[in-house]
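Student: I should like a close look at a single part of this protein, followed through its surroundings. Please treat the matter in one connected account.

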Amino acid sequence: MSLDNALSTARQAVEGCDFVGYVDLELGMMLGFNASEEPSQDFTENLAAGVVNFLDSGPAVQIESDLRSATGTEAELAPYFQDIVVGGTDGLHLYLRLESEPNHVVCFVCGFATDPAGALHAARAAVAEFSGLV
């Protein structure tokens with residue numbers, strides 16, 4: 001399966017999903033996306049930058065560090081946060097790391113009416129199809 005096909009399939013699998021993007025945290029960029037309507041370049045660039053900032057150098061990293069210190073967990077292990085669900089001003093955002101590539105994140109942007117638990121369950125199943133694509 002190609003990245004484009006996986007993105008399309010993932011968007012269709014999550015009810016109410018308007019946008020799915022594939023972000024490489026090391027490169028700091030979105031490698032592909034699928035959307036119900038063509039997003040602006042600013043949207044895709046800002047989403048990618050925000051995901052990188054949040055997961056690779058921002059609040060999530062600090063919280064992970066604090067939790068590892070409190071629990072005595074080794075820092076060399078996989079990232080503490082695998083899935084993050086955020087309610088944003090434009091809807092529900094889900095950020096899911098690939099188990100096989102923790103520096104790759106699939107981002108889902110859904111409408112406000114989307115059920116968070118249902119969306120997360122469907123997104124987890126869809127993300128499994130991304131292993132080895134990039």
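Tutor: The account below begins with one residue in a strand and then turns to a loop, the cysteines and a pair of helices. The model is a predicted one.

The part chosen is Phe19, which lies in strand S1, spanning residues 17–24. Its relative accessible area is 3%, so Phe19 is classed as buried, the limit being under 20%. Even with residues up to four places away in sequence left out, Phe19 touches Arg11, Met30, Phe33, Asn34, Ala35, Pro39, Phe43, Thr44, Leu47, Cys107, Phe108 and Val109. As for spacing along the chain, Thr9 is ten residues from Phe19, and the C-alpha atoms of the two are separated by 11 Å.

Arg11, one of the residues touched by Phe19, is also in contact with Ser36. Ser36 is placed in the loop that joins strand S2 (29–35) to helix H2. Whereas Phe19 is buried, Ser36 is partly exposed, with a relative accessibility of 43%. Besides Arg11, Ser36 contacts Asp18, when neighbours within four places in sequence are set aside. Ala48 is twelve residues from Ser36 along the chain, and their C-alpha atoms stand 18 Å apart.

Cys107 is another of the residues that Phe19 touches, and it raises the matter of disulfides. A search of the whole structure finds zero of them. A disulfide is a covalent bond between the sulfur atoms of two cysteines. The criterion applied here is a pair of cysteine sulfur atoms within 2.5 Å. For Cys107, the closest cysteine sulfur is that of Cys17, at 10 Å, which is too far for a bond. For Cys110, the closest cysteine sulfur also belongs to Cys17, at 4.1 Å, and this too is too far for a bond. Cys107 is buried, at a relative accessible area of 0%, and Cys110 is likewise buried at 0%.

Phe43, also touched by Phe19, leads to the helices, since H2 comprises residues 41–57. The axes of H2 and H3 (residues 59–71) come within 4 Å and cross at roughly 15°. Angles under 35 degrees count as roughly parallel, and H2 and H3 are therefore roughly parallel to each other. Their crossing is right-handed. On the H2 side, the contact is made by Asn53, Phe54, Leu55, Asp56 and Ser57, and on the H3 side by Pro59, Ala60 and Val61. By class, five of the residues in this contact are nonpolar, two are polar and one is charged.

Methods. Residues numbered from 1 in each chain as written. Predicted model: local features only at pLDDT ≥ 70, side-chain atom pairs only at ≥ 80, totals over all residues. Heavy atoms only, no water. Buried < 20%, exposed > 50% of the residue type's maximum accessible area, 1.4 Å probe, protein only. Axes fitted to C-alpha atoms, helices over the stretch in contact; angles between N-to-C directions. Helix = DSSP H or I, 4+ residues; strand = E, 2+ residues; numbered from the N terminus. Parallel < 35°, antiparallel > 145°, perpendicular 65-115°, else oblique. Left-handed = near helix turned anticlockwise from the far one by under 90°. Contact = heavy atoms within 4.5 Å. Nonpolar A, V, L, I, M, F, W, Y, C, P; charged D, E, K, R; others polar.
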